[in-house]
Amino acid sequence: MALSDQALERFAAIVGQDQVLTKPEDLIPYGFDGTAALKRMPQVVILPGSTEEVAACVKVAAELGLPVVGRGSGTGLSGGSVPVENGIVLCLVRLNAILEVDARNLTMRAQAGVITQKIAEAAAAQGLFYPPDPGSIRISTIGGNVAENSGGLRGLKYGVTRDYVMGLQVVLADGEVVELGNKCVKDVAGYSLKDLFIGSEGTLGIITEVLLKLLPLPAARRTLLASFDTLEAAAETVSAIIAARIIPCTLEFLDQMTIQCVEDFSKVGLPTDCAALLLMETDGHPAAVEDEAQRMEAIAVQHGAKAVRRAATEAESLELASARRNAFSSLARKRPTTILEDVTVPRSELAVMVRFIAETAARHRLAVGTFGHMGDGNLHPTFLTDERDEEEMARVHLALDEIVGKTLELGGTITGEHGIGLAKKQWLEQQMGGAAYKLLGEVKRAIDPRNLLNPGKIIS
Ligand SMILES: Cc1cc2nc3c(=O)[nH]c(=O)nc-3n(C[C@H](O)[C@H](O)[C@H](O)COP(=O)(O)OP(=O)(O)OC[C@H]3O[C@@H](n4cnc5c(N)ncnc54)[C@H](O)[C@@H]3O)c2cc1C
């Protein structure tokens with residue numbers, strides 16, 4: 001059913017005619033996110049410029065019974081911002097102001113459409129630190145990060161987006177604006193409602209502002225790169241570092257296929273004659289950093305590292321970290337379609353999982369590159385395929401089913417950071433169990449009783 005001219009006029013009266021997109025050529029970029037093969041053209045994309053405009057648009061949508069899909073930069077990897085039938089897409093990128101950096105309380109208030117990198121830069125300009133750093137940091141929005149509860153390369157030591165959200169401004173399904181949380185370090189008044197919205201993938205409310213916790217910038221940092229002949233040796237090194245009571249900020253893993261693709265793309269001198277690489281980074285007080293770097297190097301060597309390279313300069317550290325950030329885009333250059341998984345297992349099961357992924361891909365005659373946040377047990381097996389080849393795609397889906405099944409068998413989770421969206425819905429009940437899954441539905445119905453916000457995502 002096409003949206004009526006009257007409906008479009010009401011949205012245009014709120015945001016301005018030029019912020020209501022309806023021409024097919026303008027709509028194409030909003031028809032998909034970073035997830036391959038999940039696409040749907042929106043009927044209309046609306047770009048509000050303020051919280052008031054978001055609230056007014058949601059009110060009109062509620063009155064007309066139109067579903068609303070919130071959208072940041074569309075980098076999501078589970079289909080969360082893919083448009084729904086007969087709905088509107090509300091894209092938040094014009095809400096892009098940093099409203100306050102409060103150096104006395106170590107907080108920052110920003111609108112939801114600010115690019116994550118800008119948040120980190122605004123904090124650093126005051127000697128402060130916003131730790132969550134998804135690989136998409138240069139393009140994702142902070143609102144998208146909160147909606148997905150995104151992780152990043154520093155999750156092991158610093159946690160994920162949720163750990164830095166002190167407050168939220170949210171537009172509810174009926175257009176009402178609520179403020180949740182505050183600058184207090186401690187606050188146990190009532191249920192922690194803000195936490196319900198973190199990771200809710202646009203299904204409970206539209207986030208318009210965020211209040212973030214900041215930390216002092218670490219004084220020193222050391223980056224090391226260890227190469228291994230076997231995947232197991234890299235996985236065991238990770239377990240041994242944690243067992244030695246070292247919590248580095250970064251413990252990232254790249255397998256042979258990923259290393260080769262990253263090196264072809266980034267040319268930073270990664271060794272390509274090994275089965276696996278570990279990128280290890282420690283930060284904090286200079287003396288502690290030096291001690292941890294030495295101990296991590298020794299542990300890697302004890303567990304069979306062929307070589308350990310220490311970044312000599314800050315520029316080299318950044319170069320190695322950004323080579324890792326480019327893993328997904330480097331793999332994506334190989335074949336027309338890239339299907340990226342996001343399974344997480346208890347760290348003690350990493351070696352088993354890494355081996356299972358490689359064997360499963362080989363059994364189904366598929367090309368897979370695996371990289372991930374190994375310190376968090378979070379792996380991203382990435383299938384390089386071609387969605388036009390139905391026979392190969394059927395094999396990819398079989399392999400994915402087996403990988404997800406093994407993850408659950410090992411006590412893992414079907415998503416460590418990319419969310420459920422459309423891509424993972426089919427396994428959610430299996431992971432959660434019937435009673436918990438039912439509770440999830442009751443929460444959704446309590447907050448969005450007419451199922452207008454991102455319907456069909458997370459829950460069927
Ligand atoms: C190259 C690459 C690397 C990546 N690396 C990581 C990584 O290391 N860690 C990680 O966790 N993820 C990673 N991602 C996934 C993705 O970048 C994150 O999920 C990110 O948080 C999405 O932000 P976005 O602004 O693009 O949101 P979108 O993709 O636009 O939206 C994501 C979801 O959030 C909802 N949403 C967006 N904005 C709002 C809002 N203001 N209010 C309510 N709901 C909203 C949408 O409806 C959708 O469900 C990566 C993606 C790419 C392409």
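Which residue of strand 9 stands opposite Leu-168? Select Leu-168 and then Leu-180, which is the residue opposite in strand 9.

Before going on, note that this is a predicted model, in which local features need pLDDT of at least 70, side-chain atom pairs count only at pLDDT 80 or more, and totals for chains, interfaces and linings use all residues. Residues are numbered from 1 along each chain as its sequence is written, and side-chain values use heavy atoms, with hydrogens and water left out.

**The five-stranded sheet**

Stay with the strands, which, like the helices, are DSSP runs numbered from the N terminus (helices: H or I, at least four residues; strands: E, at least two). Select residues 165–171, strand 8, and residues 177–181, strand 9; the two run antiparallel and are joined by five bridges. Two strands count as paired if DSSP finds at least two bridges between them. Five residues lie between these strands in their hairpin, where Gly-175 has a positive phi near 95 degrees.

Now add strand 10, which runs antiparallel to strand 8 and is joined to strand 8 by six bridges. One pair to pick out is Val-165 with its bridge partner in strand 10, Leu-212. Widen the selection to the open sheet of five strands, in the order 5-6-10-8-9 with antiparallel pairing. Strand 5 (98–102) and strand 9 are at the edges with a single partner strand each, so one side of each has no neighbour in the sheet. From one strand to the next the twist averages 10 degrees.

**The four-stranded sheet**

Next, show the open sheet of four strands, ordered 1-2-4-3, with mixed pairing. Its edges are strand 1 (20–21) and strand 3 (68–71); each has a single partner strand, so one side of each is without a neighbour in the sheet. Strand 3 and strand 4 (residues 88–91) run parallel, joined by four bridges. Select Gly-70 to find Leu-90 of strand 4 opposite. Helix 3 (residues 51–64) packs on this sheet and touches strand 2 (45–46), strand 3 and strand 4, its direction making about 170 degrees with that of strand 4. Contact here means heavy atoms within 4.5 Å. Angles run from 0 to 180 degrees between N-to-C directions, on lines fitted to C-alpha atoms, for helices over the stretch in contact.

**The largest pocket**

Select Thr-75, Gly-76, Leu-77, Ser-136 and Ser-140, which lie nearest the centre of the largest pocket among its 48 lining residues. A pocket is an open set of points on a 1 Å grid over the protein atoms alone where a 1.4 Å probe fits, with protein on both sides within 12 Å along at least five of seven lines; lining residues have an atom within 4 Å of a point. The volume is about 970 Å³, taken as the space filled by probe spheres set on the points, which are joined across faces, edges and corners. Helix 5 gives the largest share of this lining, five residues.

**Thr-415**

Finish at Thr-415, in the loop between helix 14 (390–409) and helix 15. Is Thr-415 buried or exposed? Its relative accessible area is 16%, so Thr-415 is buried, a word that means under 20% with a 1.4 Å probe and protein chains only. Leaving out residues up to four places away in sequence, Thr-415 touches Asp-342, Thr-344, Ile-420 and Lys-424.

How values were computed:
Buried means under 20% relative accessible area, exposed over 50%, partly exposed in between (1.4 Å probe, protein chains only).
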